[in-house]
Amino acid sequence: MTREDYERRMERAGRAAAVAGLAGLVVTPGPDLPWLCGYRPTAVTERLTALVIEPGRRPRLLVPVLEQPDAERSPGAGALEVTGWSDGSDPYEQLAKWMDPQGRYGVSDATWALHLLGLQRSLPGSAYAGLTEVLPMLRAVKDAHEVAMLAAAGAAADATYEEILGVRFGGRRESDVAADLARLLVEHGHSQVDFTIVGSGPNGANPHHEAGERVIEDGDMVVLDFGGLKDGYGSDTSRTVHVGEAGAEERKVHDIVREAQQAAFEAVRPGVACQDVDRVARRVIKAAGYGEYFIHRTGHGIGVTTHEPPYLVEGEHLPLVPGMCFSIEPGIYLPGRFGVRIEDIVTCTESGGRRLNTTGREMAVVR
């Protein structure tokens, strides 16, 4: 990423703010800040750091003076006006000087209440709305560089899955397998591991089960869901394996989920509403008699975070656009018995969907 890349992103964000009827954007540390301007503070503290973007104006970044040298060395700094503030001064008053006193601003979702309240005291006539609410498409549509980064993260997660199939499951704790997943993700280039879900037997019926001390047994179905960040972009994949040979119902449920996942993937194309992809997956599972056991949305966006817009869920009318990247992850969860989930990251292209995870979706048998 170059200065020009960040400059284009900030210009696009300013135009999007204007179209949304906003005076501009206020962005504090969190995923939006490095995505927009390339600056990621080494530590997030009570000291205010804020980027102000307004249509037609040069973006301005306010940072604590002791962090100003780092901000000025960031890759997008050449496209910014960087200003430092000193302890003992009021950073909210400084920020207020750059803003419309009566303006309505989009504010990054990760902004601390401390900072938003401080800004409101300095600008009592201003108003604010979360970026996810007012600009849900800001990071949702990826350029070719971002899709390539997500594909590389997906390939690393795929390599992790291929290796975990050779690890012993039976007789070991879920937490042991989760540690193996975390280690392999790092070995394959991840700098950050966000989650390593290992849900064995009845624990697999909890979609967000945290790997615990349960010992995995022969005959268990095991849901694996893992991912994190590689070079700043996310991975997230799920596969369901079986310790030893599976029974007839386990295979049946797995086949239904695989069919639902495939049907949802085939529904991906530009112009299709996000909710329609969810409906396709849900229709398959409901027709098979397991509709009440599919208890979460079909998917979520992914980028510099592992969960972000768009969301494939009933009520989301946002149409798919080439460059959007999201998970497709239907599941069936039978309380007290087992669960099945199959998940790939998919990007929407001009001609349909493209999977960024390519490992087999059939049920793998592990030992």
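# Helices, strands and a few backbone surprises

Visitor: How do helix 7 and helix 8 lie relative to each other?
Guide: In this predicted model, the axes of helix 7 and helix 8 (residues 174–187) come within 9 Å and cross at roughly 140 degrees. An angle has to be over 145 degrees to count as roughly antiparallel. Helix 7 and helix 8 are therefore oblique to each other.

Visitor: How many nonpolar residues are in the contact of helix 7 with helix 8?
Guide: Helix 7 brings Ala157, Thr160, Glu163 and Ile164, and helix 8 meets them with Val177, Asp180, Leu181, Leu184 and Leu185. Sorted by class, 2 residues of this contact are charged and 1 is polar. The count of nonpolar residues is 6.

Visitor: Which strands does helix 7 touch in the sheet with the order 7-8-9-17?
Guide: That sheet is open, has 4 strands and shows mixed pairing. Helix 7 (residues 144–164) packs on the sheet, and its direction makes about 25 degrees with that of strand 9. The strands in contact with helix 7 are strand 8 (221–230), strand 9 and strand 17.

Visitor: Which strands stand at the edges of this sheet?
Guide: The strand order is 7-8-9-17. An edge strand here has a single partner strand, so one side of it is left without a neighbour in the sheet. The edges are strand 7 (192–200) and strand 17 (364–366).

Visitor: Which residue is the bridge partner of Val243 in strand 17?
Guide: Strand 9 (residues 233–243) and strand 17 run parallel, joined by 3 bridges. Val243 pairs into strand 17, where its bridge partner is Val366.

Visitor: Do helix 9 and helix 10 run roughly parallel or roughly antiparallel?
Guide: Their axes come within 8 Å and cross at roughly 155 degrees, with helix 9 spanning residues 248–266 and helix 10 spanning residues 274–287. The crossing is right-handed. Since angles over 145 degrees count as roughly antiparallel, these two helices are roughly antiparallel.

Visitor: How many charged residues are in the contact of helix 9 with helix 10?
Guide: Helix 9 contributes Ile256, Glu259, Ala260, Ala263 and Ala264, and helix 10 contributes Val277, Val280, Ala281, Val284 and Ile285. By class, 9 of the residues are nonpolar and none is polar. The number of charged residues is 1.

Visitor: Is Asp231 buried or exposed?
Guide: Asp231 is found in the loop between strand 8 and strand 9. Its phi is near 50 degrees, a positive value in a residue other than glycine. The relative accessibility of Asp231 is 52%, and the cut-off is over 50%, so Asp231 counts as exposed.

Visitor: What is omega for the peptide bond that joins Pro309 and Pro310?
Guide: Most peptide bonds are trans. Pro310, found in strand 11 (residues 308–312), is joined to Pro309 by a cis peptide bond. Omega there is about 5 degrees.

Visitor: Which residue in strand 15 stands opposite Ser327?
Guide: Ser327 is buried with Cys325 on one side of strand 12 (residues 325–328), while Phe326 and Ile328 are buried on the other. Strand 12 and strand 15 (residues 344–349) run antiparallel, joined by 4 bridges. In strand 15, the residue opposite Ser327 is Ile345.

Conventions: Residues numbered from 1 in each chain as written. Predicted model: local features only at pLDDT ≥ 70, side-chain atom pairs only at ≥ 80, totals over all residues. Heavy atoms only, no water. Pairing = 2+ DSSP bridges. Contact = heavy atoms within 4.5 Å. Axes fitted to C-alpha atoms, helices over the stretch in contact; angles between N-to-C directions. Parallel < 35°, antiparallel > 145°, perpendicular 65-115°, else oblique. Left-handed = near helix turned anticlockwise from the far one by under 90°. Nonpolar A, V, L, I, M, F, W, Y, C, P; charged D, E, K, R; others polar. Buried < 20%, exposed > 50% of the residue type's maximum accessible area, 1.4 Å probe, protein only.
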